[in-house]
Amino acid sequence: MMATRHYFVIWIVFCFDLVDSSSDQCHQERDRLQAQLRSMEARAVKQQLMIQSFLNLNQQPPLPLNESIFFDLGDKQYTDCAQIFNNGYKKSGFYTIKPEKSPAQIRVYCDMKDGGGWTVFQRRSDGNESFDRDWNDYKTGFGDIKSANAEFWLGNDNLHYLTSQGNYSLRIDLEDFEGSHRFAMYKKFQVDSEQNHYQLQFDGYRGNAGDSLSGSYNPEVQDWASHQGMKFSTKDKDNDRYERNCALEDMSGWWFNRCHSANLNGLYYKGPYSAVTDNGIVWYTWHGWWYSLKTVEMKIRPSAFETNEV
């Protein structure tokens, strides 16, 4: 466009310099060039608008990490995410289920990765949710059950309803602040009723995070570090084997012994921390007691469903 404009100016000067040239012929050529210039300028403006529109489109922010993904299954009713997966729903997101003993339907996040069919009952991701809660909060559940990456506890009643339907396995996915990932799986995982204080039973470890739940990494500490058979404790209901209250000191609800070698409901620090007690998000066999993990996801599915995918 600039070259045409320069050409137009030169032509006008040239026209005036030609003494013997026809005035009408010069005016006609000038008008033709002016019309051509206006047409080119209009096209250039249109192209600029198109380019800006394209740039704006590319600069749109991605969907928020916590964007809700809910799938409506209509009148169909399922007891867990494994049934949903086996009926052809392969996308991770929120679904509604009704465990056999549950008095009502519940919304759950189904993780369809790692072989699929996982019902997620706990997630830690950013520290926005307090896990320093009382017995009733842990009983019924708390947190954000609408956003895909938000923090929550599904509820001990719901956990009991789910794991009393049959044999269930547990998978725990862990991430630290250096971007490393580990997992721990247990072939058996069961949570008893409130009457028995949501007592924990598990067995059959495999994975690369180490078996922190059993305390078997060191026989000398297993008696006080193992979580096998432990009852659930909160700051207002002490069921641990410690002379004081582990839940009160470590500021979370958990299956404490005297007190723990794993506490995935601890306070959200960012990696290494110092405190009066080891009250961070702890998985001892990976980072010890004084490193708080970045993300945690605890999820279950029927043991018979389990595959070799990890």
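**Exercise 1. Find which residues L264 is in contact with, leaving aside its neighbours within four places in sequence.**

Solution. Start at L264 in this predicted model and skip anything within four places along the chain. What's left is Q122, R124, I172, L174, W254, I281, V282, W283, V296 and M298, each in contact with L264.

Now zoom out to the largest nonpolar core, which has 55 residues. L264 is one of the members that touch the most others, along with F121, W153, L170, L174, W255 and W283. Two of those names, L174 and W283, also turn up in the contact list of L264.

Is that the whole story for nonpolar packing? Not quite: a separate core of six residues sits apart from it, and its members include F94, V120, I145 and F152.

**Exercise 2. Work out which parts of the chain the salt bridge between E297 and R123 links.**

Solution. First, check the pair itself: the closest N and O atoms of E297 and R123 are 3.2 Å apart, and a salt bridge needs them within 4 Å.

Next, place each partner. E297 belongs to strand β13 (residues 295-302) and R123 to strand β3 (residues 118-124), so the two are 174 residues apart along the chain.

Then look at accessibility, where the cut-off for buried is under 20%. E297 comes in at 13%, so it counts as buried. R123 is buried too, with a relative accessible area of 4%.

**Exercise 3. Decide whether E194 and K139 are buried or partly exposed.**

Solution. These two form a salt bridge as well, with 2.7 Å between the closest N and O atoms. E194 sits in the loop between β7 (181-191) and β8 (200-207), while K139 is in helix α4 (residues 135-140), so the bridge ties together parts 55 residues apart in sequence.

For the verdict, E194 has 29% relative accessibility, so call it partly exposed. K139, at 19%, is buried.

**Exercise 4. Name the residues linked with R171 and D173 in a network of salt bridges.**

Solution. Begin with the pair: D173 bridges to R171, and their closest N and O atoms are 2.8 Å apart. D173 is buried at 18% relative accessible area, and R171 is buried at 5%.

Now follow the network outwards. Besides R171 and D173, it takes in D111, K113, D114, R123, E297 and K299. You've met R123 and E297 already, as the pair in strands β3 and β13. For the bigger picture, a search of the whole structure turns up 17 salt bridges.

Note on methods:
Residues numbered from 1 in each chain as written. Predicted model: local features only at pLDDT ≥ 70, side-chain atom pairs only at ≥ 80, totals over all residues. Heavy atoms only, no water. Core = buried A, V, L, I, M, F, W, Y, C linked by side-chain atoms within 4.5 Å. Buried < 20%, exposed > 50% of the residue type's maximum accessible area, 1.4 Å probe, protein only. Contact = heavy atoms within 4.5 Å. Salt bridge = Lys/Arg side-chain N within 4 Å of Asp/Glu carboxyl O. Helix = DSSP H or I, 4+ residues; strand = E, 2+ residues; numbered from the N terminus.
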